[in-house]
Amino acid sequence: MSVIRLPSPLRSSVGGQTTIPIEATDLRSLPAAIAQLYPDLAQRVIKDGAFGKFVSVFVDGEDARFFPPDTDLAAAKVVELLPAVSGG
Amino acid sequence: MATIETQSPGYEATTSRRALIGLRCRACGALQPADERYVCGDCFGPIEPAYDLASLEPAVLKWEIENGPRSLWRYAPLLPVAAPASGYEVGWTPLLAAPRLAALFGIERLYLKDDTRNPTLSFKDRPVAIALARALELGLDTIACASTGNLAGAVAAAAARNGLKAFVFVPEDTEPGKIASAAEYGAHVVRVRGTYDQVNRLCGRLADEHGWGFVNFTLRPYYAEGSKTLLFECAEQLGWTLPHHVVVPVGSGALLTRTATAVSQLRATTLVGDEHCHIHAAQPAGCAPVSDAVLADWREVAPVRTPKTIARSLAIGAPSDGDRAVEVVRESRGSAAAVSDEQIADAIRDLATNEGIFVEPAGGVNVATARVLAERGVFHAGETVVLYLTGNGYKQEPRDLDLRPAIAPDADEFREIYAEVLR
């Protein structure tokens, strides 16, 4: 089982929790798993079955876009959702 | 009698906000109150200040701007927050004709927006000025940022000037001159083992856990608005006309996208006419997610995991405004280039030796891109081309210079060593 760490603007979707447990076999199935367990959260971060372009997804600190879709999430991992903002 | 500027211990607005009506989500379009939120409360999308531009009477607006301070605050009616009273003047930098560089590149009318002359020698003083004003308005006592270098100095100086604490987070390999200047202003400089994008992720986490104003995170809707003011100034300095072409260096993409916002707002307020303004993206080949997307038939931006370029201030592999930047370039019928480190170094030298302006590699990227676009035939006769020069070269580590040996204070030795040059 992995956990998803949420930023404060998203916590109201899951009853104020900072982290939530998630059962997903791999990265590809993560959006569907979120939609099933946390529909309010899914409404805000998932569009057409995938994460919206304004959401940054990190797996153990690395940008999820650098991982293949079959990346194993069954083993404990920390998935972090952040708003996609930057500029330095 | 001499005027003494004093630092304001708190927030004291010098002008009133008149046109701001709230924050609008770029994804879902929802208009929301201008409170402490930094993402859309409905869909988590990015939010940007929205204005009732029709409420600004054009002749009055123009008069107010032209008679306003010689800083970016002359555009206060088009900004989301009022000027603080701390007297820290940013912007209103010169727009310089560049005839020698123009001749070298084969461009008829070339202008340089010299933003190397801001207080901390980069354009980052502009977005920080707006974010800082918002931080004071919110009563925050600490501001912070993730930075590739220039932003760190801008945040550190603005915090010092306004009596705030500052934490600046930078990649470990940031140029020593940029780290040193931020530290001299009294900021806590946190060096992170990782790329800018990893630093940015860390700051996203910290922004949630500390009540600080992260200028490019929790204050971002305000911060990004400062970047509009370069184009505002260019248009005013060109006699209230838009340049036909603007070449913009791209890191996060915010400067490019807000250039388009500025064009749109100037048209909406009828301060300029309907003349077309092509917006071009400039990136180093070692980190060119936006330029590569433009040049690959406008595809989606693919992030760069490990940027490799001498233009470290543009080494943002996952630009948050990247896809929007590609859209802006396309909508403006602009173009893009990705230039090599060698082209960047040549461009820095061409600019310095022909126009007397010494820029950091990001400036070299922009100048090199202009040369590439000129060679592609993008610029036509009679068209005005503006290049943004966003960072000064004096913060860089000196490159290896091919200098002759030191001489004795002796005229004959001088003539002997320099015989080739004196011929």
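Domain bounds here come from an automatic or database domain assignment. With those bounds I split chain B into domain 1 (95–121 + 226–395) and domain 2 (125–223). I looked up the spacing too: the C-alpha centres of domain 1 of chain B and domain 2 of chain B lie 24 Å apart.

**Confidence, before anything else**

I'm working with a predicted model, so I checked the scores early. ipTM is 0.89 and pTM is 0.93. Chain B has a mean pLDDT of 93, with 96% of its residues at 70 or more. Chain A averages 90, and 97% of its residues score at least 70. Within chain A, I found the lowest confidence in E6(A), at a mean of 89, and the highest in helix H2 (residues 30–37), at 95.

Where in chain B does pLDDT stay under 50? I traced that to residues 1–15, for which the model still has 23 contacts beyond four places in sequence. I'm leaving the details there alone, because coordinates at low pLDDT should not be read in detail.

**Between the domains of chain B**

Back to the two domains. I get 17 residues from domain 1 of chain B and 21 residues from domain 2 of chain B in their contact. On the domain 1 side I sorted the residues by class and got 5 nonpolar, 10 polar and 2 charged.

**Between the chains**

Next I looked at where chain B meets chain A. Chain B puts 29 residues into the contact and chain A puts in 21 residues. Which helix gives the most to the chain B side? It's helix H6 (residues 196–209) of chain B, with 6 residues. By class, I split the chain B side into 14 nonpolar, 9 polar and 6 charged residues.

**The sheet in chain B**

I followed an open sheet of 6 strands in chain B, in the order E4-E5-E13-E10-E11-E12, with mixed pairing. Strand E4 (95–97) and strand E12 (336–339) of chain B each have a single partner strand, so each has one side left without a neighbour in the sheet. The twist averages 25° from one strand to the next.

At the E4 edge, I checked the pairing with strand E5 (residues 109–114) of chain B: E4(B) and E5(B) run antiparallel over 3 bridges. Leu96(B) has Leu112(B) in E5(B) as its bridge partner.

**Helices H12 and H13 of chain B**

How do helix H12 (residues 341–355) and helix H13 (residues 361–375) of chain B pack? I read an angle of about 90°, with the axes 7 Å apart. Angles of 65 to 115 degrees count as roughly perpendicular, and H12(B) and H13(B) are therefore roughly perpendicular to each other.

I listed who makes the contact. H12(B) brings residues including Ile344(B), Ala347(B), Ile348(B) and Leu351(B). From H13(B) come, among them, Pro361(B), Val365(B), Val367(B), Ala368(B) and Arg371(B). The class tally for this helix contact is 9 nonpolar, 3 polar and 3 charged residues.

**The sheet in chain A**

Last, I turned to chain A, where 5 strands form an open sheet in the order E2-E1-E7-E5-E6. The pairing is mixed. Which strands sit at the edges? I noted strand E2 (19–22) and strand E6 (62–63) of chain A, each pairing on one side only.

Inside that order, I looked at strand E5 (residues 55–59) and strand E7 (residues 78–83) of chain A, which pair in the antiparallel sense over 5 bridges. Val57(A) stands opposite Leu81(A) in E7(A).

Note on methods: Residues are numbered from 1 along each chain as its sequence is written. Chains are lettered from A and ligands numbered from 1 in the order in which they are written. This is a predicted model: local features need pLDDT of at least 70, side-chain atom pairs count only at pLDDT 80 or more; totals for chains, interfaces and linings use all residues. pLDDT is the predictor's confidence in each residue, from 0 to 100. Two residues are in contact if their C-beta atoms, placed from the backbone, lie within 7 Å. Helices (H or I, at least four residues) and strands (E, at least two) are DSSP runs, numbered from the N terminus. Ala, Val, Leu, Ile, Met, Phe, Trp, Tyr, Cys and Pro count as nonpolar, Asp, Glu, Lys and Arg as charged, and the others, Gly among them, as polar. Two strands pair if DSSP finds at least two bridges between them. Axes are lines fitted to C-alpha atoms, for helices over the stretch in contact, and angles run from 0 to 180 degrees between N-to-C directions. Angles under 35 degrees count as roughly parallel, over 145 as roughly antiparallel, 65 to 115 as roughly perpendicular and the rest as oblique.
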